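Biologist: I'm new to this structure and would love a close look at one part of it. Could you take me to one loop, and then show me what lies around it?

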Amino acid sequence: MSSSNGPRVLRVLQSRQETRAFYDKISGVYDLLAERSEGPVRQSGLDKLAIEPGERVLEIGFGTGHCLVQLAEAVGREGKVFGIDVSEGMRAQAQARLEKAHLMDRVALACGDATRLPYPDNSVDAVFMSFTLELFDTPEIPQVLAECRRVLRAGGRIGVVAITKEAGDGFAVEAYEWTHRHFPNLLDCRPIFARRAMEEAGFRIKDATITRMWVPVEIVVAEKASEEAK
């Protein structure tokens with residue numbers, strides 16, 4: 001299909017309700033399934049975003065909360081972290097992790113849809129997403145990025161870690177897409193063009209690299225133009 005996010009990006013085949021139910025179901029074992037592969041790449045994205053003390057940061061799709069802990073530690077007592085995820089099961093896992101780390105007072109969690117973020121305009125310094133943007137259907141990706149731009153202050157930055165097609169259609173990408181087509185209930189995301197989508201959404205790219213898990217992954221950091229109205 002043709003779309004603003006690239007001519008060969010597949011559609012998402014599950015409804016939001018099905019996605020929510022899937023992540024609720026696997027929330028208790030998600031780290032066993034994915035943390036070993038996702039953790040190092042996600043860490044690279046956090047490092048590149050370089051959160052500073054006192055900042056207000058939003059994580060979209062926080063999952064079991066590993067990044068929320070690091071973000072809360074990074075912003076310190078004077079900062080604030082907001083998190084939104086579609087799954088109540090994931091919210092419970094993340095809250096337990098934050099409480100164990102004694103950081104819940106710095107974090108506000110919500111369940112909701114990132115195509116309609118429940119945060120004011122120009123209210124955060126940074127937005128972070130890891131293995132989340134590719135869960136949205138192709139026409140929704142610009143909506144999510146527009147919402148990110150709306151809530152970011154002028155000069156604020158966004159970091160995205162996403163499975164990518166930017167490296168070409170190698171065997172790993174083809175196998176991933178085949179599984180997504182035939183078993184969407186098991187593999188509900190698919191490779192996208194993250195950097196291109198962010199550029200088309202009006203972000204200024206600051207850093208973009210491609211690395212690998214067993215599939216290629218883009219790590220992109222961009223900013224909202226400082227001349228945009230605050």
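Modeller: Happy to! Let's begin at H102, which sits in the loop that links α4 to β3. The model you see is a predicted one. What makes H102 worth a stop is its backbone: its phi is positive, about 60°, although H102 is not a glycine. As background, most residues other than glycine have a negative phi. H102 is also exposed, with a relative accessible area of 69%.

A second residue invites comparison. N122 lies in the loop between β3 and β4, and its phi, near 55°, is again a positive value in a residue other than glycine. N122 is partly exposed, at a relative accessible area of 27%. So β3 has H102 in the loop that comes from α4 and N122 in the loop that goes to β4.

Now step from the loops to the sheet. Seven strands make up an open sheet with mixed pairing, in the order β3-β2-β1-β4-β5-β7-β6. In general, strands of a sheet pair through backbone hydrogen bonds, either parallel or antiparallel. Here β3 (107-111) and β6 (204-212) are the edge strands; each has a single partner strand, so one side of each has no neighbour in the sheet. From one strand to the next, the twist averages 15°.

At the β6 edge, β6 and strand β7 (residues 216-223) run antiparallel and are joined by eight bridges. If you want a spot to look at there, find T211, which stands opposite V217 in β7. Helix α4 (residues 88-100), on the other side of the H102 loop from β3, packs on the sheet and touches β2 (80-85) and β3, and its direction makes about 165° with that of β3. Helix α5 (residues 141-151) packs on the sheet too, touching β1 (56-60), β4 (124-130) and β5 (152-163), with its direction at about 145° to that of β5.

Helix α4 also leads us to α3, as α4 is part of what covers the buried residues of that helix, along with α2, β1, β2, β3 and β4 among others. Which residues of α3 are buried? They are C67, L68, V69, L71, A72 and V75. Just after α3 comes G76, whose phi is positive, near 75°.

How do α2 and α3 meet? Two packed helices are described by the angle between their axes and the distance between the axes. For helix α2 (residues 30-49) and helix α3 (residues 66-75), the axes come within 10 Å and cross at roughly 35°. On the α2 side the contact involves D31, E35, R42, Q43 and L46, and on the α3 side H66, C67, Q70 and L71. This contact is an even mix, with three nonpolar, three polar and three charged residues.

To finish, look at the aromatic rings. The model has five aromatic pairs. One of them joins F22 and Y23 edge-to-face, at 5.1 Å centre to centre with 80° between the planes. Both F22 and Y23 are buried, and together with Y30 they form one aromatic cluster. Another ring to visit is that of F193: R196 lies over its face, at 4.0 Å from the ring centre.

Conventions: Residues numbered from 1 in each chain as written. Predicted model: local features only at pLDDT ≥ 70, side-chain atom pairs only at ≥ 80, totals over all residues. Heavy atoms only, no water. Axes fitted to C-alpha atoms, helices over the stretch in contact; angles between N-to-C directions. Helix = DSSP H or I, 4+ residues; strand = E, 2+ residues; numbered from the N terminus. Contact = heavy atoms within 4.5 Å. Nonpolar A, V, L, I, M, F, W, Y, C, P; charged D, E, K, R; others polar. Phe/Tyr/Trp six-rings, centres within 6.5 Å; stacked < 30°, edge-to-face > 60°. Buried < 20%, exposed > 50% of the residue type's maximum accessible area, 1.4 Å probe, protein only. Lys NZ or Arg CZ within 6 Å of the ring centre and 35° of its normal. Pairing = 2+ DSSP bridges.
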